[in-house]
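Me: I am in my first year and would like a close look at a single part of this model, the place where the two chains touch. Could you take me through it slowly?

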Amino acid sequence: MAIIGDIVLFLLTGLIHWWWTANLSVFGVAPNIIFTAALSAAIIARPAKAIAWCFFLGVYLDLLGSNLFGAYALTYTVMAYVIYMMKRHLDLIGPFSQIIAALTLTLVTMLFYQGLSLALSKINPLQLKAFLVEPFFNAVLAPIVFYFFVQLKKRFNLL
Amino acid sequence: MNREKDMANYAVVFFVFISALLLLFPSTRVAQTARVIASYSLYPSLHYGAKYDYFIRNVPENFLNILKIDQENRSLTARIKELEISNKAAESVQEENRRLTAEMGLSRNVPLRGVWARVVNKNPQDWYGAFFINKGARDGITMNSTVVGFENGRAGLAGRVFEVYPDISKVLLITNGVSSVICSLPGANFEGLAEGRGTWLLKVNYIPEGSDIAEGMELVTSPGGLLFPQGLPVGRVQKVHPKESFMNFITADVAPAITINALKEVYIVKKDLPPGLQGAAAK
């Protein structure tokens with residue numbers, strides 16, 4: 001039953017991300033809801049499940065994009081593992097630490113994705129305005145998505 | 001704890017391996033087509049700049065043609081909407097052009113010197129009372145200049161200028177409750193006073209009893225009037241009211257010669273009143 005709930009939550013996350021980027025972009029920049037969902041799932045879920053969640057969220061982003069297929073999947077998988085390692089040393093439950101984590105990890109994942117793309121397909125996917133603005137959008141949204149996911153875990157035992 | 005750590009390590013190795021497979025091996029025809037379908041369904045755009053060739057690699061040409069046709073359809077639909085708006089604007093301009101051409105032709109037949117002006121502001125609370133025109137003192141408009149309108153190939157008296165500013169003027173319409181025009185029937189030997197009532201009809205008073213006025217007759221400005229040039233159509237008699245026993249005059253309802261509240265352009269007649277009479281006219 002929980003797996004169905006996870007699938008529904010995954011599809012809902014994807015749907016909200018698509019709707020927001022298609023309709024609420026500001027000068028072509030919108031918060032990366034998939035990223036904030038991956039970050040929250042990585043903090044809340046058990047390690048193996050968190051890594052699987054992040055991998056599939058990355059595949060979803062790869063499906064939507066026009067760039068290297070599998071690059072987001074790899075990036076978010078590695079991010080989930082890094083968060084698992086961080087959790088052992090840092091408290092990521094508080095909103096402030098989530099904001100800092102979202103800010104830094106957005107930049108790191110963007111650069112990681114950029115490196116993969118340049119190395120494997122010689123395509124430069126990074127847009128300067130997204131690089132400058134998106135980390136702040138994600139940082140604002142991360143605690144909200146985290147709170148929402150925590151409530152889902154408490155009530156429906158998802159994640 | 002160790003078991004959890006092991007699970008995490010196995011999971012990350014497994015998914016990194018899968019990701020690497022996706023990255024390193026070129027997408028198959030079917031997988032790439034499925035990706036394009038998913039991507040295009042959510043973001044229907046093929047404008048990926050330098051990444052376009054990479055995006056459509058391994059995708060069958062027939063399928064790409066369908067996407068291109070969809071793009072063409074979207075752009076043509078948008079173009080049709082733009083053209084519909086443009087067409088409406090062109091129709092409006094054409095209609096204005098036709099109207100202005102007709103009015104300009106008519107104004108040449110009016111033996112009066114004047115300037116054209118556009119009606120720029122009407123007050124809904126004073127619909128039959130007054131409106132502003134876009135010509136003022138700088139264009140030679142003076143107080144009490146006669147305002148003529150045109151409709152269906154005919155000229156008609158609309159009112160007179162009663163406030164003049166540098167670039168705009170206010171016109172007192174003949175339908176205004178304080179307006180009155182001395183008028184007469186061509187060929188008849190009586191005059192009446194057409195007074196506005198704040199509605200679309202005028203009321204003509206002081207027609208002598210026994211005058212041969214009847215419904216359908218046209219009233220024109222009288223030579224006896226000081227303000228308006230003589231012979232301008234004022235309106236057509238709609239109804240003649242029977243004489244009341246205590247009155248010596250009869251009255252009539254008159255529909256203005258032009259539809260006052262539909263005027264878009266008017267012709268301002270420059271009438272040079274003798275200096276001594278200008279003050280009297282203003283009163």
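Reply: What follows describes the contact between the two chains, beginning with the whole and then turning to one pair of helices. Please keep in mind that this is a predicted model, and that the description rests on computed values.

The contact draws 26 residues from chain A and 22 residues from chain B. On the side of chain B that touches chain A, the elements that give two or more residues are helix 1 (2-24), helix 2 (29-42) and helix 3 (52-55) of chain B, and among these helix 1 of chain B gives the most, with 11 residues. Sorted by class, that side of chain B has 16 nonpolar residues, together with three polar and three charged ones.

Now look at helix 1 of chain B beside helix 3 (residues 47-64) of chain A, where the two axes come within 8 Å and cross at roughly 20°. Because angles under 35 degrees count as roughly parallel, helix 3 of chain A and helix 1 of chain B are therefore roughly parallel to each other. Their crossing, as helix 3 of chain A passes helix 1 of chain B, is right-handed.

From helix 3 of chain A, the residues that make this contact are Pro47(A), Ala48(A), Ile51(A), Ala52(A) and Phe55(A), while helix 1 of chain B brings Glu4(B), Met7(B), Ala8(B), Ala11(B), Val12(B), Phe15(B) and Ser19(B). Taken by class, the residues of this helix pair's contact divide into 10 nonpolar, one polar and one charged.

Definitions and conventions. Residues are numbered from 1 along each chain as its sequence is written. Chains are lettered from A and ligands numbered from 1 in the order in which they are written. This is a predicted model: local features need pLDDT of at least 70, side-chain atom pairs count only at pLDDT 80 or more; totals for chains, interfaces and linings use all residues. Two residues are in contact if their C-beta atoms, placed from the backbone, lie within 7 Å. Helices (H or I, at least four residues) and strands (E, at least two) are DSSP runs, numbered from the N terminus. Ala, Val, Leu, Ile, Met, Phe, Trp, Tyr, Cys and Pro count as nonpolar, Asp, Glu, Lys and Arg as charged, and the others, Gly among them, as polar. Axes are lines fitted to C-alpha atoms, for helices over the stretch in contact, and angles run from 0 to 180 degrees between N-to-C directions. Angles under 35 degrees count as roughly parallel, over 145 as roughly antiparallel, 65 to 115 as roughly perpendicular and the rest as oblique. A crossing is left-handed if the near helix is turned anticlockwise from the far one by less than a right angle, and right-handed if clockwise.
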